[in-house]
Amino acid sequence: MGRLVICDHPLIQHKLTFIRNKQTNTKDFRELVDEVSTLMAYELTREVPLDTIEVETPVATTNSKIVSGRMLGLVPILRAGLGMVDGMLKLIPSAKVGHIGLVRDPKTLLPTEYYINLPTDAPNRMLIVIDPMLATGGSAIAAITSLKNRGCDHIKLMCLIAAPEGVAAIQEAHPDVDIYIAALDERLDDNGYIIPGLGDAGDRMYGTN
């Protein structure tokens, strides 16, 4: 079973409080999401393997560590996931970025893929699927399934806030995927919104309704 990792660093939790606050304006909301994404990237890459190389300092030669293993790839789910990418790239600037666009079918209420663009070497990378909200889990499940169908087998999911229902859905559909979140909230309401949540992340990020 994939792990559920709650990134409970005090700075993350502090900033998340202002992200939740309905009085936070669009500019501050975007900046806070960017900052929390950087802090979460630190947690998410904690177990990235290292190699040892020899380097020459100004006074001596020494053995030192560099990141090894699979290269990283970021795959935001459009559109809200875009707001978390730049924050992550501050820590991992060599990561490549793909995109997945999903829309809910009005008849089936299931997510339908309308766009995907991935790095050509995506199957060789550890991919981080990014979406601020994990509510029912439908979009994240569809995105992960799409990646697996294209030969990608090392995937993590990163969200700001999750509902227990969404976590359970991911763990059932993709038990090999680790989930990284900043907070596990109480539940979903009848409309599929996370309670207490933060509202619609995309609308608050881009100033739309």
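This is a short walk through the chain, from its overall dimensions to the packing of one helix. The model is predicted.

Start with the whole. The chain has 6 helices and 13 strands. Along the principal axes, its C-alpha atoms fill a box of roughly 65 × 40 × 30 Å. The radius of gyration is 18 Å, and a compact globule of 209 residues would have one near 17 Å, so the two agree.

Next, the inside and the surface. Of the 209 residues, 44% count as buried, where buried means under 20% relative accessible area. The exposed area comes to about 10900 Å², with 52% of it supplied by carbon and sulfur atoms. Take the contacts between residues at least 6 apart in sequence: 63% of these join residues at least 24 apart.

Now the charges. The chain carries 26 negative side chains and 20 positive ones. The centres of the two sets lie 3 Å apart.

Finally, look at helix H1, which spans residues 10-20. Which of its residues are buried? They are Ile12, Lys15, Leu16 and Ile19. Viewed down the axis of H1, these buried residues fall within an arc of 110 degrees, so they line one face of the helix. The spacing fits a general rule: an α-helix has 3.6 residues a turn, so residues three or four places apart point the same way.

What do the buried residues of H1 pack against? Two of the partners are helices: H2 (26-44) and H6 (201-206). Strands E10 (155-162) and E11 (178-184) are partners as well.

Note on methods. Residues numbered from 1 in each chain as written. Predicted model: local features only at pLDDT ≥ 70, side-chain atom pairs only at ≥ 80, totals over all residues. Heavy atoms only, no water. Helix = DSSP H or I, 4+ residues; strand = E, 2+ residues; numbered from the N terminus. Rg over C-alpha atoms; globule rule 2.2 N^0.38 Å. Buried < 20%, exposed > 50% of the residue type's maximum accessible area, 1.4 Å probe, protein only. Contact = heavy atoms within 4.5 Å. Areas by Shrake-Rupley, 256 points an atom, 1.4 Å probe, with all protein chains shown as cover. Lys, Arg positive; Asp, Glu negative; His and termini not counted. Charge placed at Lys NZ, Arg CZ, Asp CG, Glu CD. Arc of directions from axis to C-beta.
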